[in-house]
Amino acid sequence: MIGVSIRQLTKRFGSTLALDSVDLEIEPGEMFFLLGPSGCGKTTLLRCLAGFLLPEEGSIRFGGEEVTRQPPHLRRTGMVFQNYALWPHKNVAQNVAFGLEEARVPKDEIVRRVGEALAAVRMEGYGTRSIHQLSGGQQQRVALARALVIRPRCLLLDEPLSNLDAKLRLEMRTEIRRICKEAGLTAIYVTHDQKEALSVADRIAVLESGRICQIGTPERVYRQPATRFVADFIGETNFFPAVVVGPRLLEVAGERWELAREVAFAKGEAVSVSIRPEAWRMVAEAAPGALTLPGRVAQRVYLGETAQYEVDTEVGRIKVHELNPRPDAARQAGEPCLLTVERDDLMVFAL
């Protein structure tokens with residue numbers, strides 16, 4: 001296992017700054033995700049790591065080795081592409097063996113290592129199959145086996161599940177993590193799918209306009225976003241205005257809300273409050289001192305495991321997700337309600 005160190009990495013395409021002085025430290029054996037909207041620079045960063053693009057400034061180190069200007073074939077990285085990039089005229093075993101053949105590995109060793117790689121992705125017995133005979137999930141496993149068979153120092157994955165249907169994506173998420181952990185690989189994974197990142201990653205870097213907004217565990221990035229952009233991009237949230245009236249006090253719709261921690265804003269400053277939909281509770285009456293917001297149900301959508309409400313309040317329309325909803329407790333459009341939330345679930349940002 002190796003760590004990956006990125007220092008002040010800058011990449012331009014003409015006048016467009018795709019990566020702006022990016023710094024990253026990725027630990028050996030870590031599943032590290034690059035997450036962000038289209039055009040944020042995550043795929044550009046991955047291609048710089050693979051050697052397909054050369055940065056104008058900065059450095060990349062694999063372990064103690066400087067690889068910034070090394071060609072791709074010397075970096076010993078395995079790459080899994082969005083479209084799999086499998087050879088249609090070769091069978092499964094021939095596709096997996098391709099990198100070993102290019103490296104002039106002896107034939108008996110190729111046979112052994114191809115068998116091991118297919119076993120790792122649970123594709124034993126598929127070696128003689130044509131690529132056209134495989135499902136999308138099976139093709140993705142072959143692409144993984146081809147990347148693993150060369151015994152890479154680092155595995156790079158560029159939105160590898162985007163072409164699969166929803167059920168297969170869920171299955172392959174856990175499979176990719178299992179494979180990487182069993183192989184002891186350092187893996188760097190690009191996606192724009194927040195649920196994919198939250199469910200698989202050890203740590204996540206959220207990018208915006210070529211810069212890193214936040215790095216942290218899935219739980220920390222979701223529960224304690226560093227910026228309004230991160231709070232808005234990761235999952236769903238409600239934003240509404242408030243005014244700071246003390247180090248731990250906000251004024252919300254004429255009421256004073258006491259916070260769980262102090263905020264770094266001046267008294268009288270207008271701020272934006274963020275609260276996740278699942279953090280709200282609809283109650284008949286609130287406990288003394290609770291943070292409450294009266295409202296009226298605008299609509300309800302039943303989704304089985306959740307019911308999603310939209311509630312009109314003095315601070316705007318609020319989304320509320322009720323987990324494991326009971327049909328006999330459903331609230332209908334036009335019905336008044338009282339929302340309450342725990343202090344730990346408030347996030348405060350500059351406007």
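How many bridges join strand 11 to strand 14, and in which sense do these strands run? In this predicted model, strand 11 (residues 238–246) and strand 14 (residues 270–275) run antiparallel and are joined by six bridges. Within this pairing, Phe240 has Val273 of strand 14 as its bridge partner.

Both strands belong to an open sheet of five strands, arranged in the order 13-12-11-14-20 with antiparallel pairing. Strand 13 (255–258) and strand 20 (347–350) occupy the edges; each has a single partner strand, so one side of each is left without a neighbour in the sheet. On average, neighbouring strands of this sheet are turned by 45° against each other, direction ignored.

A further antiparallel pairing links strand 9 (residues 203–208) with strand 10 (residues 211–216) over five bridges. These two strands form a hairpin with two residues between them. Arg211 of strand 10 is the bridge partner of Glu208, and Ser209, located in the turn, has a positive phi of about 50°.

Two packed helices are described by the angle between their axes and the distance between the axes. For helix 5 (residues 136–149) and helix 6 (residues 166–183), the packing angle is about 20° and the axes lie 11 Å apart. As angles under 35 degrees count as roughly parallel, helix 5 and helix 6 are therefore roughly parallel to each other. Helix 5 passes helix 6 in a right-handed crossing. Helix 5 contributes Gly137, Gln140, Arg141, Leu144 and Leu148 to the contact, and helix 6 contributes Leu168, Glu171, Met172, Glu175, Ile176 and Ile179. The residues of this contact comprise six nonpolar, two polar and three charged.

Definitions and conventions
Residues are numbered from 1 along each chain as its sequence is written. This is a predicted model: local features need pLDDT of at least 70, side-chain atom pairs count only at pLDDT 80 or more; totals for chains, interfaces and linings use all residues. Side-chain values use heavy atoms; hydrogens and water are left out. Axes are lines fitted to C-alpha atoms, for helices over the stretch in contact, and angles run from 0 to 180 degrees between N-to-C directions. Helices (H or I, at least four residues) and strands (E, at least two) are DSSP runs, numbered from the N terminus. Angles under 35 degrees count as roughly parallel, over 145 as roughly antiparallel, 65 to 115 as roughly perpendicular and the rest as oblique. A crossing is left-handed if the near helix is turned anticlockwise from the far one by less than a right angle, and right-handed if clockwise. Contact means heavy atoms within 4.5 Å. Ala, Val, Leu, Ile, Met, Phe, Trp, Tyr, Cys and Pro count as nonpolar, Asp, Glu, Lys and Arg as charged, and the others, Gly among them, as polar. Two strands pair if DSSP finds at least two bridges between them.
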